[in-house]
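Me: I'd like to go through the labels on this one and see what backs each of them up. Here it is.

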Amino acid sequence: MTIDSTLKSRSNRLRRGLAKLYPDAHCALHHENPLQLLIATILSAQCTDTRVNLVTPALFARYPDAQAFADADPRELERAIQSTGFFRNKAKNIQACCKILVEKHGGQVPGTMEELVPLPGIGRKTANVILGNAFGVPGITVDTHVRRLSNRMGLTQHGDPVKIERDLMELIPKQDWTMFSHRMIFHGRQVCFARKPNCEGCLLAKDCPKIGVEGVPAKK
């Protein structure tokens, strides 16, 4: 993406505005260590964070480490996570992932993108969640909210998450990548809704082109 000074200036205003609105934005998935965050993030696919947080306390008590997940009875693990949806595939990915952690990483979650992405059930989005929140490595998490808001705000013209991530990496200072993602997610959940965004009540409205809403056509 070619970045002009106008876009850069507007992105900075939006970033600062989000920081004022959500100074305490954070990862909504409850966790105490990198492995718990990895498991919770896998479970969050097509499921709300609230539902995942209801499931994980008992899950983590039953399976305290990667070895325990790797050795779990598949049917018991499926029952434990059933309410998160797509539980058979999630259980399969969790076990396969944890077996690799045990065999190749000493049971620990690795702290690089290159080591995380090949793991079953882990893509760039999940890897950035883990890196940013468990290891303090800046990363932009392009979930459904970040994808929607980035297009509405005119920060990208892409629909592909990897291309959106690259566009945002050019616009947002690296040290702000993780918090920017959290704040975009908070804003998407509280104001910039998918079907009917609250543009009138949005404090960022003056800097947002509202692409795809209020009669403003989305770019092809």
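Me: What makes H9 and H11 roughly perpendicular?
Reply: This is a predicted model, and in it the axes of H9 and H11 cross at roughly 85 degrees and come within 8 Å. Angles of 65 to 115 degrees count as roughly perpendicular, so H9 is roughly perpendicular to H11.

Me: Which residues in H9 and H11 meet?
Reply: From H9, His145, Val146, Arg148, Leu149 and Ser150 meet Ser181, Met184, Ile185, His187, Gly188 and Arg189 of H11. By type, the contact of H9 with H11 divides into 4 nonpolar, 5 polar and 2 charged residues.

Me: Why is the pair of Tyr22 and Phe186 called edge-to-face?
Reply: There are 70 degrees between the planes of Tyr22 and Phe186, and planes over 60 degrees apart count as edge-to-face, so the label fits.

Me: And how do you know that Tyr22 and Phe186 form a pair to begin with?
Reply: Their rings sit 6.1 Å centre to centre, and rings pair if their centres lie within 6.5 Å, so they qualify. The structure holds 2 aromatic pairs, this being one of them.

Me: What makes the pair of Tyr22 and Phe186 a link between distant parts of the chain?
Reply: The two are 164 residues apart. Tyr22 is in the loop between helix H1 (5-21) and helix H2 (34-43), while Phe186 belongs to helix H11.

Me: Which elements give two or more residues to the lining of the largest pocket?
Reply: The pocket itself has a volume of about 570 Å³. Helix H3 (49-62), helix H8 (124-134), helix H9 (144-152) and helix H11 (177-190) each give two or more residues to its lining. H11 has the largest share, with 6 residues. Of the 29 lining residues, Ser44, Asp49, Asp143, Ile185 and Arg189 lie nearest the centre, and the lining divides into 8 nonpolar, 17 polar and 4 charged.

Me: How many of the residues that line the largest cavity count as nonpolar?
Reply: The lining of that cavity has 9 nonpolar, 2 polar and 2 charged residues. Cys192, Cys199, Cys202, Cys208 and Lys210 are the closest to its centre. Cys counts as nonpolar and Lys as charged, so these five include both types. The volume of the largest cavity is about 120 Å³.

Notes. Residues are numbered from 1 along each chain as its sequence is written. This is a predicted model: local features need pLDDT of at least 70, side-chain atom pairs count only at pLDDT 80 or more; totals for chains, interfaces and linings use all residues. Side-chain values use heavy atoms; hydrogens and water are left out. On a 1 Å grid over the protein atoms alone, a cavity is a set of points where a 1.4 Å probe fits but cannot get out, and a pocket is an open set with protein on both sides within 12 Å along at least five of seven lines; lining residues have an atom within 4 Å of a point. Grid points are joined across faces, edges and corners, and a volume is the space filled by probe spheres set on the points. Helices (H or I, at least four residues) and strands (E, at least two) are DSSP runs, numbered from the N terminus. Axes are lines fitted to C-alpha atoms, for helices over the stretch in contact, and angles run from 0 to 180 degrees between N-to-C directions. Angles under 35 degrees count as roughly parallel, over 145 as roughly antiparallel, 65 to 115 as roughly perpendicular and the rest as oblique. Contact means heavy atoms within 4.5 Å. Rings of Phe, Tyr and Trp (its six-membered ring) pair if their centres lie within 6.5 Å; planes under 30 degrees apart count as stacked, over 60 as edge-to-face and the rest as tilted.
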